[in-house]
Amino acid sequence: MAREQSNERMEKLVSLCKRRGFIYQSSEIYGGINGFWDYGPLGAELKRNVKDLWWRHIVHQRDDVVGLDATIIMAPRVWEASGHVDTFSDPMIDCKTCKGRFRADQIHEIPCPQKPSKMVSECHGEKTEPRAFNLMFTTHVGPVQDDSSLAYLRPETAQAIFVQFKNVLETSRQKVPFGIAQIGKAFRNEVTPRNFTFRSREFEQMELEFFIKPDEVIEAIHGRVAVPEGKGHPGEPQPDWGWQMWHQYWVEERIRFYESIGLPRASLEEYWQTPEELAHYARATVDILYQFPFGTQELEGIAARSDFDLSQHERYSGKPMKVFDDQLRAAWKELPEEKRQALWQRYYEARLGYLTRSGVDASEAGEMARADADALAKGQYIPHVIEPSAGVDRLVLALLANAYSEVTETDDKGRTETRVILRFHPRVAPIKVGVLPLLRNKPDLVRKAREVRDLLRPHLTVFYDDSGSIGRRYARQDEAGTPYCVTIDFETLGEKDPALKDTVTVRDRDTAEQVRVKIDELPAWLLERVR
Ligand code: GAP
């Protein structure tokens with residue numbers, strides 16, 4: 001029953017998305033293409049708001065994060081260094097009876113070919129053994145199509161950040177700890193795209209790589225490494241924070257962000273990956289899950305990735321990724337010999353662990369790790385990284401699911417009608433305000449309404465609507481998730497009560513309450529409520 005209800009809810013959401021122009025199937029007139037989705041007029045605004053808010057929160061409102069906008073196609077060696085060429089694969093199996101192709105770990109549920117939002121069980125035909133299927137889309141660069149021109153569409157935006165780390169460091173006047181943020185398209189040839197836009201083959205990511213000092217460096221400089229003392233937000237960043245503090249900080253920052261755009265804390269869950277689930281280089285990963293109608297699933301992952309990524313690019317490109325830290329060099333000189341040796345040893349072992357796990361042979365790894373630990377004593381190290389990585393499309397879907405509500409109303413003739421209200425947080429709402437002249441055939445009302453529209457337009461997304469009854473127009477805006485509607489009526493013209501001249505009615509989507517606001521105070525009144 002619960003499954004049926006959630007399927008029904010998803011079906012309603014998918015159909016609303018199409019009907020109101022949030023999300024359409026890509027290439028629909030040609031029968032569509034599985035795993036690809038287009039955003040219509042309202043969806044494009046919603047998505048843009050999500051990305052703008054993330055950027056504002058992560059980049060503009062901080063001193064220690066800068067942005068990057070890199071290409072989708074990069075040198076193929078990037079993906080060898082990152083491990084994607086060798087290991088970015090899902091286990092795939094084929095069904096010998098129905099000829100379907102599935103992810104081995106999702107065989108019990110697949111999206112219905114007719115209704116992708118609905119899950120159906122697969123046939124019981126004999127299956128092939130699972131085999132690794134690399135998820136990267138390939139292409140060729142230039143006119144010759146052979147192995148030498150092979151390239152990949154990026155499966156994540158993160159790698160460009162690592163590859164450009166040194167350039168950004170040298171040109172942005174940032175010092176570790178600092179972050180580089182990027183929003184952009186990513187492509188994965190998912191074996192079974194599913195749950196509407198949740199698992200797509202083309203999607204957008206919002207990723208932050210926040211570079212921090214290794215704990216050995218913190219200890220050398222500050223004599224101690226601050227670690228979390230409990231749950232919750234650890235407060236303003238401090239110079240003695242180790243990786244665990246930074247990790248907890250970013251988990252809490254990201255949850256606060258979700259709350260600030262309308263996802264209640266109760267709809268989110270933190271999932272700490274178990275040691276068996278963690279990637280070999282990761283020290284901890286927390287997935288932030290959202291209670292989607294089809295189940296509680298990942299919205300974002302926040303990983304403490306050690307110095308793996310920059311180390312890989314250092315080895316594969318031959319270009320140094322170390323930073324020089326004069327505070328470390330000065331502090332190291334002052335350390336007692338015993339402490340120096342202990343920190344040297346710990347750093348050496350960490351580097352050796354990375355190198356041997358990455359396949360470097362034992363004697364070479366030992367030499368390289370020794371050189372790295374010697375460099376530490378001279379003030380040089382490869383930064384570690386905390387990576388909050390979120391999907392734009394998943395967040396848009398979560399916001400739609402969270403906003404979806406139905407109300408059933410009975411009119412004065414006893415007819416009942418169920419209609420949809422999208423209760424978006426005003427910050428993400430695609431349209432912030434509807435401007436509605438009470439009647440379209442009264443030139444004075446229309447003129448005034450257009451004046452109000454033009455007054456608001458420089459500040460907010462406005463939708464001007466003069467067709468149909470005022471009730472219908474309110475309902476249309478409710479369905480689009482518009483938090484406020486402004487109606488220009490005869491009182492605005494001062495025809496009934498001169499005291500009300502140049503005031504308008506503002507209706508609240510969620511309470512349906514109406515208040516009168518002076519036109520010249522309207523921009524500030526609305527901005528205060530939608531930002
Ligand atoms: N750089 C780390 C990384 O890419 P990930 O967990 O594979 O980590 C991060 O992806 C986020 O990207 C996910 O939490 C999800 O929101 C989004 N994402 C991943 N695959 C996706 C897909 N096929 N469709 C839509 N969003 C996806």
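In the predicted model, Ile-73 occupies the loop that joins strand E3 (65–67) to helix H3 (77–81). Its relative accessibility is 36%, and Ile-73 is therefore classed as partly exposed, the class between the limits of 20% and 50%. When neighbours within four places in sequence are set aside, the contacts of Ile-73 are with Thr-139, Val-141, Ala-151, Tyr-152 and Leu-153. A further relation across the sequence links Ile-73 to Ala-160: the two residues are 87 positions apart along the chain, yet their C-alpha atoms are separated by 9.7 Å.

The overall architecture may be described next. The protein chain contains 16 helices and 25 strands, and its C-alpha atoms fill a box of roughly 90 × 65 × 50 Å along the principal axes. Of the 531 residues in the protein chain, 53% are buried. Among contacts with a separation of 6 or more, 66% are between residues 24 or more positions apart. The chain is divided into domain 1, covering residues 2–395, and domain 2, covering residues 431–530. A distance of 44 Å separates the C-alpha centres of the two domains, and their contact draws on seven residues from domain 1 and six residues from domain 2.

Helix H2 (residues 41–60) takes part in two helix crossings, with H13 and with H8. The axes of H2 and helix H13 (residues 392–403) come within 10 Å and cross at roughly 115°. The two helices are therefore roughly perpendicular to each other, an arrangement assigned to angles of 65 to 115 degrees. The crossing of H2 past H13 is right-handed. On the H2 side, the contact is formed by Leu-46, Lys-47, Val-50 and Lys-51, which meet Val-392, Asp-393, Leu-395, Val-396, Leu-399 and Leu-400 of H13. By class, this contact comprises seven nonpolar and three charged residues, with no polar residues.

The second crossing brings the axes of H2 and H8 within 11 Å, at an angle of roughly 140°. The relation of H2 to H8 is therefore oblique. H2 also passes H8 in a right-handed crossing. Val-50, Leu-53, Trp-54, His-57 and Ile-58 of H2 make this contact with Trp-250, Glu-253, Arg-254 and Phe-257 of H8. The residues of the contact divide into six nonpolar, one polar and two charged. Val-50 thus appears on the H2 side of the contact with H13 and on the H2 side of the contact with H8.

Helix H8 also holds Glu-252. With a relative accessible area of 7%, Glu-252 is buried, as the value falls under 20%. Residues up to four places away in sequence aside, Glu-252 touches Gly-232, His-233, Arg-265 and Glu-270; this set includes the charged residues Arg-265 and Glu-270.

Two further helices, H7 and H9, are mostly covered. In helix H7 (residues 215–222), seven of the eight residues are buried, namely Asp-215, Glu-216, Val-217, Ile-218, Glu-219, Ala-220 and Ile-221. The elements that cover these buried residues include helix H8 (243–260), helix H10 (326–334), helix H11 (337–357), helix H12 (362–377) and strand E17 (380–381). After H7 comes Gly-223, which has a positive phi near 80°.

In helix H9 (residues 308–317), seven of the ten residues are buried. These are Phe-308, Asp-309, Leu-310, Ser-311, Gln-312, His-313 and Glu-314. The packing partners of the buried residues of H9 are H3, helix H5 (158–163), helix H6 (165–172), strand E12 (202–212), H11 and strand E18 (384–391). Helix H3, one of these partners, follows the loop in which Ile-73 is placed. Helix H11 is listed among the elements covering H7 and also packs against the buried residues of H9. Gly-318, just after H9, adopts a positive phi of about 75°.

Key: Residues are numbered from 1 along each chain as its sequence is written. This is a predicted model: local features need pLDDT of at least 70, side-chain atom pairs count only at pLDDT 80 or more; totals for chains, interfaces and linings use all residues. Side-chain values use heavy atoms; hydrogens and water are left out. Axes are lines fitted to C-alpha atoms, for helices over the stretch in contact, and angles run from 0 to 180 degrees between N-to-C directions. Helices (H or I, at least four residues) and strands (E, at least two) are DSSP runs, numbered from the N terminus. Angles under 35 degrees count as roughly parallel, over 145 as roughly antiparallel, 65 to 115 as roughly perpendicular and the rest as oblique. A crossing is left-handed if the near helix is turned anticlockwise from the far one by less than a right angle, and right-handed if clockwise. Contact means heavy atoms within 4.5 Å. Buried means under 20% relative accessible area, exposed over 50%, partly exposed in between (1.4 Å probe, protein chains only). Domain bounds come from an automatic or database domain assignment.
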